[in-house]
Amino acid sequence: MNTLLLKLAVTAAVTCLLTSNPIAAQLSPTTPRTPRVQITQGPAIEMTKEFLTIIRWTTNNPGASPEHYGVVHYGTDPKNLSETAKSLIRLNPDHASTVFRVRLDNLKPRTTYYYTVGSEEANGTDDGAKSAVKQFTTPGESQRAGRSQAWD
Amino acid sequence: MKPTTWISTVTICAAGIAAVLLSSYMSAVQRNKDDKKRMTSPYNPYPPGILPGDLNSEVERVLREVDLVENRALARWQALALPIVRGQPPTLQNTGTEAIETLGELMNFDRNMSPNRNQACMSCHMPYAGFGGPIPSVNLTIVAYPGTAHFRVGKRTPQRHAYAPFFPVLQYNQAQGLFFGGNFYDSRATGVLLRNPDAEQAQGPPVDTQEMGFPDTACVAFRLNTAAYRPLFELVWGAGSLDIKFPRNTEAICDIPGGASTFRGNTTPIDLTPEDRTKANAAYGHWGQSIDSYEQSVQVSPFSSKFDAFLAGKYKLTADEMAGFELFNGKGNCNSCHLDGRGTTLRPNQHDTGSAATVNPLFTCFGSANEGLPLNPRNAFYYETTPDSLGFVGNPYGFGYRDLGLGTFLRSGFGSGPNPNSNWTQSAPSVDGQMQVSSARDVAMTPPQCPTTEAGSRPYFQKGFFHNGYLKSLKQLVHFYNTRDKFAFPVTSGHCPAGTIEKVTCWPLPEVKNNIDMTTGNLGLADKEEDQIVAFLETLTDGFTRPYPNIDTFTGTCMTCNPVTDPNCSPSRQGNGSLIPTPPLPPCASAICGAPPAASPPIP
């Protein structure tokens, strides 16, 4: 009797797994981690305004957790990139490559910044792709036209 | 003491005590009557032009439509062959499913589930709007809906709840470092107790001070006692499940909207015995579960769209719809979170051909995101800074309020609910500003006589998109994803620089800069490609393979405009005539942005 019950329980468990709630399959999946993540394009300045700079680069799809962070280390001294900016992106498992874009807010006008880029999983695991140190210069105050009362 | 003296003394004392008790009772009744009288005087802290001019008549119109559906549901119940209770455990055989679904429908459309008997759940979620907001002028302006006490108003658009029952219990995935599931924009209906977020979502509005507004959850059981469909409730949930000894002042208490100063913050003002409180709590759980049953049924979530027919090989997408589908999955990258159900769980050496759905797609990943929406100064919530006649203040912070969504919930903060898991709280800074990613299904649903959401030469039904209703058309929604960063300006809404057009070539600053999702924001889509994605989104509207129940109940007026004479008569500029300048913003209130754990970086 106990054996029969055990068989029934195992059968039920297997059936449950095989016919598991299809909704669970719609959670963003963790996909296989790509062994070697490489920057294939960029990094480059997508846009720079007095109040906002966006840095953009492309890698092969790193896989692993569905959300990643693009990470930019930056500063005005190329040997001391003391500031960090991180922006969230979502991987698309169907895409061969992934575009990372990172927002840098509150930069000083007419200032040259040096930076490197990399990426990591939402839990902080590094993807292992890093760029060389690059630089950009923010525009001047002239672009303050149109500014309104706001947060910054 | 002589016996006669003793009897006289006792009689006098008894009379005195009775008089005191009666006086106390009458005083309470009078106080409640006074409260009710005060309640009838409208609350209007809003500057001229904030509330839409047709608000009263539109609220009445929706109530008539709510009653119509309620009567249809009553007829369905009357025609229902009763299920038979059989088996062990006892189960409602044969028509049990339809019985509980019909019960949920009757509850959803019951206007008696509010102190003033003037608001049902569906007052903010009619079928013809994809179970979203049913009043075009509200969607155009104040975006949130007035509650039972006119006019206390909520802070967010009514979230479309079709397919909401499919969201899992809120969970933190340790490996991924992400939250999934729950219901509500801020995921505060976690499902922690009922193990069903949608059922717990249904427990929110009846006691939300700016919605249906009962002061005590037991008021639901109290009103169910006298509901016409009480026999159906007892059939489903058991005879005697509503047999609760309510005190005599229960009706008077349930007639007063929650948050009234008379309650002094007490959330259980109905004095019940522990046993009766347990019964009332159980009935409140059954309320949520019944409503969830209806919302998961084919009455609400039927998978009957053109896209479902396409997946079944019974509909051929038009060239534009197909192009939109490919953009949705490709250049637009929409399906990185609005999952289309295709096989994406790849294993090494496997490649997704993308040719077939593995499950019924829900077009959500059950996650949350901060898309960087600007603060919407039309939202009536910002103006509810003074007490109403009952002493209730909706938003003491005024424009110092910031909607941090999931972040505020994890902190158990103002305007959200208690977080049941203190381990989650530390994650608040990483989710500040994030709102639940709703299913894209039925985003374009409109009443049949108003065939589109987009302004132009055809009659249209005005909707409000995202949690704060800032976007007024699907075209704007796609354009926002496409150009948010390309056309970013350091201004607030209503202050775009000369030479730009708000929502076309100018996007104001995000309300919350932290944790913005950068997957989108500069997609490089051409104008026609945006239109094609809109065409694809319109294929997700239910009712193609079979009629969508109760979609015929809209009795209001479609919006119309003349594209020749009105510069805002286009999907791109739709609603721009209703923009108002955002006032100078005070810093975010410390009770919101200063609550621990600290936001990183600080939210100004």
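So, let's start with B:Asn550: this residue is buried, with a relative accessible area of 10% (buried is under 20%, exposed over 50% and partly exposed in between, with a 1.4 Å probe and protein chains only). B:Asn550 also has a positive phi, about 65 degrees, although it is not a glycine. You'll find B:Asn550 in the loop between helix H16 (527–537) and H17 of chain B. Helices here are DSSP runs of H or I with at least four residues, strands are E runs of at least two, and both are numbered from the N terminus.

A quick word on ground rules. This is a predicted model, where local features need pLDDT of at least 70 and side-chain atom pairs count only at pLDDT 80 or more, while totals for chains, interfaces and linings use all residues. Residues are numbered from 1 along each chain as its sequence is written, chains are lettered from A and ligands numbered from 1 in the order in which they are written, and side-chain values use heavy atoms, with hydrogens and water left out.

Back to backbone oddities. Most residues other than glycine have a negative phi, and most peptide bonds are trans. B:Asn94 has a positive phi, near 80 degrees, and sits in the loop between strand S2 (91–93) and H3 of chain B. Buried or exposed, then, for B:Asn94? B:Asn94 is exposed, at 62% relative accessible area.

Now the cis peptide bonds. One joins B:His150 and B:Phe151, with omega about 0 degrees, and B:Phe151 is in the loop between helix H4 (136–140) and strand S3 (171–173) of chain B. Another joins B:Ser600 and B:Pro601, with omega about -5 degrees; B:Pro601 belongs to the segment after helix H17 (590–593) of chain B.

Hold on to that second pair for the pocket. The second largest pocket has a volume of about 950 Å³, and 40 residues line it, the closest to its centre being A:Thr84, A:Ala85, A:Asp105, B:Ser600 and B:Pro601. For the terms: on a 1 Å grid over the protein atoms alone, a cavity is a set of points where a 1.4 Å probe fits but cannot get out, a pocket is an open set with protein on both sides within 12 Å along at least five of seven lines, and lining residues have an atom within 4 Å of a point. Volume is the space filled by probe spheres set on the points, which are joined across faces, edges and corners. Which element gives the most to that pocket lining? That's S4(A), with six residues.

What about cavities? The whole structure has nine of 30 Å³ or more, and the largest holds about 800 Å³ of space. Its lining has 49 residues, with B:His338, B:Ser438, B:Phe466, B:Leu477 and B:Tyr481 nearest the centre. H15(B) provides the largest share of this lining, four residues.

Last, a helix pair. In chain B, helix H3 (residues 96–108) and helix H9 (residues 274–296) pack at about 105 degrees, with axes 7 Å apart. Axes are lines fitted to C-alpha atoms, for helices over the stretch in contact, and angles run from 0 to 180 degrees between N-to-C directions. H3(B) and H9(B) are therefore roughly perpendicular to each other (65 to 115 degrees; under 35 is roughly parallel, over 145 roughly antiparallel and the rest oblique). Contact means heavy atoms within 4.5 Å; among the residues that meet are B:Ile100 and B:Met107 in H3(B), and B:Trp287 and B:Tyr294 in H9(B).
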